Amino acid sequence: MDIQLQQVGYAYAKDTPFEKRALFDVNLHIPSGSYQAIIGHTGSGKSTLLQHLNGLLKPSEGIVKLGDLTIEAGKKAKNLKPVRQQIGIVFQFPEHQLFDETVLKDIMFGPLNFGVPREEAERRARVLADQLGLPEEVLEKSPFDLSGGQMRRVAIAGVLAMEPSVLVLDEPTAGLDPRGRQEIMDLFHHLHMEKGLTTVLVTHSMEDAARYADRVAIMHDGRCVLSGNPIDIFGDEERLAEYRLAAPRVVRFQRKVEAQLGYPLDRLCLTEEQ
Ligand code: ADP
């Protein structure tokens, strides 16, 4: 699904004394099948932007296009349900939204709610649990008896069980240990590559953005100040410094390799500096 934001502005508590403008004139095109990273400091507007990607928030100004659906400031939006089915959002600490009696039921909840037959919902849940490294015996347990890392996996499986065509990830590895982080990021990468899932990753981690994304946008004070491919964005250390950001280690490593080779590489190395 192609996603476009055109001159999007957003104000919380608009037209009240508490009005807080969080987005200004954001233009961003996320083509179908791409892996878009959105980075920026806390308070730069990333979460606000993300909530426009499935109509949770409607723009105060401008236009959001989600596939064939257009959401325009000041106009009543059409039925958002079909789009919400196609865009899966993994919110920060998604395990806080677990609620069902068993892990299996929790993963099946979304599909059942959207009319997927029980057998198919269960099949999806079992396949996903396996892909996410959740042992079979876990499926009948209460999600609240699991470790933090396992709970996170259950919550992610619940989003994937809807078989979305777009996956939006808001700091999906926050609070996980390095091994858990790597496994989950690799899973998303795999889904993106194998299934062509359009992926939008909101992250603080420049390293993850450099390693996984094919497009990067930088948010600063509610504006999208830079967007493009990771080589161009991360290669411009002066511009990054203007926004108090430093080039990721993988990019600095690549620069070293290029200096030794005597010519530039046309994509980022996925190898980390030793
Ligand atoms: P980020 O995700 O990059 O940390 P946010 O989108 O959460 O940034 O926040 C952008 C700005 O909007 C911040 O100044 C924040 O304080 C403000 N903000 C976020 N949520 C609300 C809200 N519910 N009400 C009022 N202001 C908010």
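**Exercise 1. The four-stranded sheet**

In what order do the four strands of the open sheet stand, and which strands are at its edges?

Solution. The open sheet of four strands runs β2-β1-β4-β5, and its pairing is antiparallel. The model is a predicted one. In this sheet β2 and β5 (69-72) are the edge strands, since each pairs on one side only. On average, neighbouring strands here are turned by 20 degrees against each other, direction ignored.

Next, take one pair from this sheet. Strand β1 (residues 3-12) and β2 are joined in the antiparallel sense over seven bridges. Within that pairing, Tyr10 has Leu23 of β2 as its bridge partner.

**Exercise 2. The six-stranded sheet**

Give the strand order of the sheet of six strands, and explain why β6 and β10 count as its edges.

Solution. Step one is the order: the open sheet reads β6-β7-β8-β3-β9-β10, with mixed pairing. Step two is the edges: β6 (87-90) and β10 (223-228) each have a single partner strand, so one side of each lacks a neighbour in the sheet. Step three is the twist: neighbouring strands are turned by 15 degrees against each other on average, direction ignored.

Step four looks at one pair inside the sheet. Strand β3 (residues 35-39) and strand β9 (residues 215-220) pair in the parallel sense over four bridges. Gln36 stands opposite Arg215 in β9.

Step five adds a helix. Helix α6 (residues 178-195) packs on this sheet and touches β3, β7 (166-170) and β8 (198-203). The direction of α6 makes about 160 degrees with that of β7.

**Exercise 3. Helix α3 against α4**

Classify the packing of α3 on α4 by angle, and list the residues that make the contact.

Solution. Two values describe a packed pair of helices: the angle between the axes and the distance between them. Helix α3 (residues 103-113) and helix α4 (residues 118-131) pack at about 130 degrees, with axes 9 Å apart. This angle makes α3 oblique to α4. The crossing of the two helices is right-handed.

From α3, the contact uses Leu104, Ile107, Met108, Pro111 and Leu112. From α4, the contact uses Arg118, Ala121, Glu122, Arg124, Ala125, Leu128 and Ala129. Sorted by class, this contact of α3 with α4 has nine nonpolar, no polar and three charged residues.

**Exercise 4. Helix α3 against α5**

Are α3 and α5 roughly parallel or roughly antiparallel to each other?

Solution. The axes of α3 and helix α5 (residues 148-160) come within 7 Å and cross at roughly 30 degrees. The cut-off for roughly parallel is an angle under 35 degrees. Therefore α3 and α5 are roughly parallel to each other. Their crossing is right-handed.

On the α3 side, the contact is made by Val103, Asp106, Ile107, Phe109 and Gly110. On the α5 side, Val154, Ala157 and Gly158 take part. The residues of this contact of α3 with α5 divide into five nonpolar, two polar and one charged. Ile107 of α3 is listed both in the contact with α4 and in the contact with α5.

**Exercise 5. The shell around the ligand**

Which residues lie around the ligand, and which element supplies the largest share of them?

Solution. The residues around the ligand are Tyr12, Lys20, Ala22, Gly40, Thr42, Gly43, Ser44, Gly45, Lys46, Ser47 and Thr48. Both β2 (20-30) and α1 (46-50) supply at least two residues of this shell. The largest share, three residues, comes from α1. By class, the shell divides into two nonpolar, seven polar and two charged residues.

Notes:
Residues numbered from 1 in each chain as written. Predicted model: local features only at pLDDT ≥ 70, side-chain atom pairs only at ≥ 80, totals over all residues. Axes fitted to C-alpha atoms, helices over the stretch in contact; angles between N-to-C directions. Parallel < 35°, antiparallel > 145°, perpendicular 65-115°, else oblique. Left-handed = near helix turned anticlockwise from the far one by under 90°. Contact = placed C-beta atoms within 7 Å. Nonpolar A, V, L, I, M, F, W, Y, C, P; charged D, E, K, R; others polar. Near = placed C-beta within 6 Å. Pairing = 2+ DSSP bridges.
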